[in-house]
Amino acid sequence: MNNKIKTTCAIAFLVLSSFSASAATEQHGAFKTDSSEQVWNSEQNIWVTPEQFWQNFTTSKGGLTWPKSRDYPLYSKVNEHDTFLVELDSGVCLMEFFHGRWRRANDVQRWDDKFNSYGGCEKVFE
């Protein structure tokens, strides 16, 4: 193998190794540090939008329990860990029923704190 090919292979290896290492160190549910709203999904090893992250989470649990709505489901009908997307003027927020009340899913699951200010999550309790 000539030196040019060896150098090209070495550079490609370093680039791929550095990409793999940075992806492997990301926490599941972590937002990118730049201004793009992308979240690391470690189950699929890809960056996704926050809504796609929520969809992947709920799909892994059997799907949203309640449809997206501006109105909360009837309290008498909900069960522990039920989920739904509440719609606000500022956007949507994934909610999870936990310990007798609706909470932001991030408050239960403990993903990146940036979820609490994403979409409608910041104003969901106003």
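## Exercises on a predicted model

H81 is partly exposed, with a relative accessible area of 41%. The structure is a predicted model.

**Exercise 1. Classify H81 and H99 by exposure, and place each in the chain.**

Step 1. Take H81. Its relative accessible area is 41%. The partly exposed class runs between 20% and 50%, so H81 belongs there. H81 sits in the loop between helix 2 and strand 3.

Step 2. Take H99. Its relative accessibility is 57%. Exposed means over 50%, so H99 counts as exposed. H99 lies in the loop between strand 4 and strand 5.

Step 3. Check the backbone. Most residues other than glycine have a negative phi. H81 has a positive phi of about 70°. For H99, phi is near 55°, also a positive value.

**Exercise 2. Work out the strand order of the open sheet and find its edges.**

Step 1. Follow the pairing from strand 3. Strand 3 and strand 4 are joined by 6 bridges and run antiparallel. One of the bridge pairs is E87 with V92 of strand 4.

Step 2. Look at the connection. Strand 3 and strand 4 form a hairpin, with 2 residues between them.

Step 3. Move on from strand 4, residues 91-98. Here 4 bridges lead to strand 5, again antiparallel. F97 has W102 in strand 5 as its bridge partner.

Step 4. Assemble the sheet. The order is 3-4-5, in an open sheet of 3 strands. The edges are strand 3 (83-88) and strand 5 (101-104), since each pairs on one side only. From one strand to the next, the twist averages 40°.

**Exercise 3. Which elements does helix 2 lie across, and at what angle does it run to strand 4?**

Step 1. Locate helix 2 at residues 50-60. It lies across strand 3 and strand 4.

Step 2. Read the angle. Helix 2 runs at about 30° to strand 4.

**Exercise 4. Describe the largest nonpolar core and the surroundings of W111.**

Step 1. Count the core. It has 22 residues.

Step 2. Pick out the residues with the most contacts inside the core. These are F53, W54, L94, M95, W111 and F115.

Step 3. Assign sources. Helix 2, strand 3 and strand 4 each supply at least two core residues. Strand 4 gives the largest share, 5 residues.

Step 4. List the contacts of W111, leaving aside neighbours within four places in sequence. They are H28, G29, F53, W54, F57, L94, A105 and N106.

Step 5. Set this in context. In soluble globular proteins, nonpolar side chains tend to be buried together.

Note on methods: Residues numbered from 1 in each chain as written. Predicted model: local features only at pLDDT ≥ 70, side-chain atom pairs only at ≥ 80, totals over all residues. Heavy atoms only, no water. Pairing = 2+ DSSP bridges. Axes fitted to C-alpha atoms, helices over the stretch in contact; angles between N-to-C directions. Contact = heavy atoms within 4.5 Å. Core = buried A, V, L, I, M, F, W, Y, C linked by side-chain atoms within 4.5 Å. Buried < 20%, exposed > 50% of the residue type's maximum accessible area, 1.4 Å probe, protein only.
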